[in-house]
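Dear colleague,

I am passing on to you the structure we spoke of, and I would be grateful if you would look it over alongside the notes below.

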Amino acid sequence: MGKEKKYIFTKEGFDNLLKDLDYRKNELRAKLRDILADMRQKGDLSENSGYTLAIEESQANETEIAVIEEKVKNAKVVKGSKNGKINIGETVVLKDSDENVQKYQIVGEDEANPLEGKISFKSPIGSAILGKKKGKKVKIKSPAGKKTWTIVEVN
């Protein structure tokens, strides 16, 4: 049997995962069960597209519950190291030579959301700065080309 995949999360990301699991198992599951019961009472199920849709939604929810339970079972919650080196869970401020400033929180893959400033430790930026310290210059390759950034802050 192969080694189980570990899912890396910050404490906040893991708490959000547990909230999603709770919602899906309790609220959403009950809501979908009520919809299915309501559709069954409406008669001929072979021509009831609402019933078919409710079954598909219910099956999709059960699949997602199984996926989340697997992630919870194999989760590794990581905290910032607070030793000055950039680690998962820490927030980093970067500045380029044009004085452009970017702020990112380094998170696990499942938590990444660039619109919220949360980037995966496996992303080009995340992997370039992981383990580095404040004041260090790093070259980061992006679709726009290579750029040198200075790590201004780590918290």
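What follows is a short account of the chain as a whole and then of one residue.

This is a predicted model, in which local features need pLDDT of at least 70 and side-chain atom pairs count only at pLDDT 80 or more, while totals for chains, interfaces and linings use all residues. Residues are numbered from 1 along each chain as its sequence is written, and side-chain values use heavy atoms, with hydrogens and water left out.

The protein chain has three helices and seven strands (DSSP runs, H or I of at least four residues for helices and E of at least two for strands, numbered from the N terminus), and along the sequence these follow the pattern β-α-α-β-β-β-β-α-β-β. The radius of gyration, 22 Å, is well over the 15 Å that the globule rule gives for 155 residues, so the chain is more spread out than a compact globule (the radius is taken over C-alpha atoms, and the rule is 2.2 Å times the number of residues to the power 0.38). The C-alpha atoms fill a box of roughly 70 × 35 × 30 Å along the principal axes.

As for the single residue, Asp-96 lies in strand β3, residues 91-96, and counts as buried because its relative accessibility is 3% (buried means under 20% relative accessible area, with a 1.4 Å probe and protein chains only). The side chain of Asp-96 makes a polar contact with the side chain of Lys-147 at 2.9 Å (a pair of N or O atoms within 3.5 Å, where within protein one must be able to donate a hydrogen and the other to accept it, and residues adjacent in sequence count only if both atoms are side-chain atoms). A polar atom of that Asp-96 side chain also lies 2.9 Å from the backbone nitrogen of Asp-98.

With best wishes

Methods:
Buried means under 20% relative accessible area, exposed over 50%, partly exposed in between (1.4 Å probe, protein chains only).
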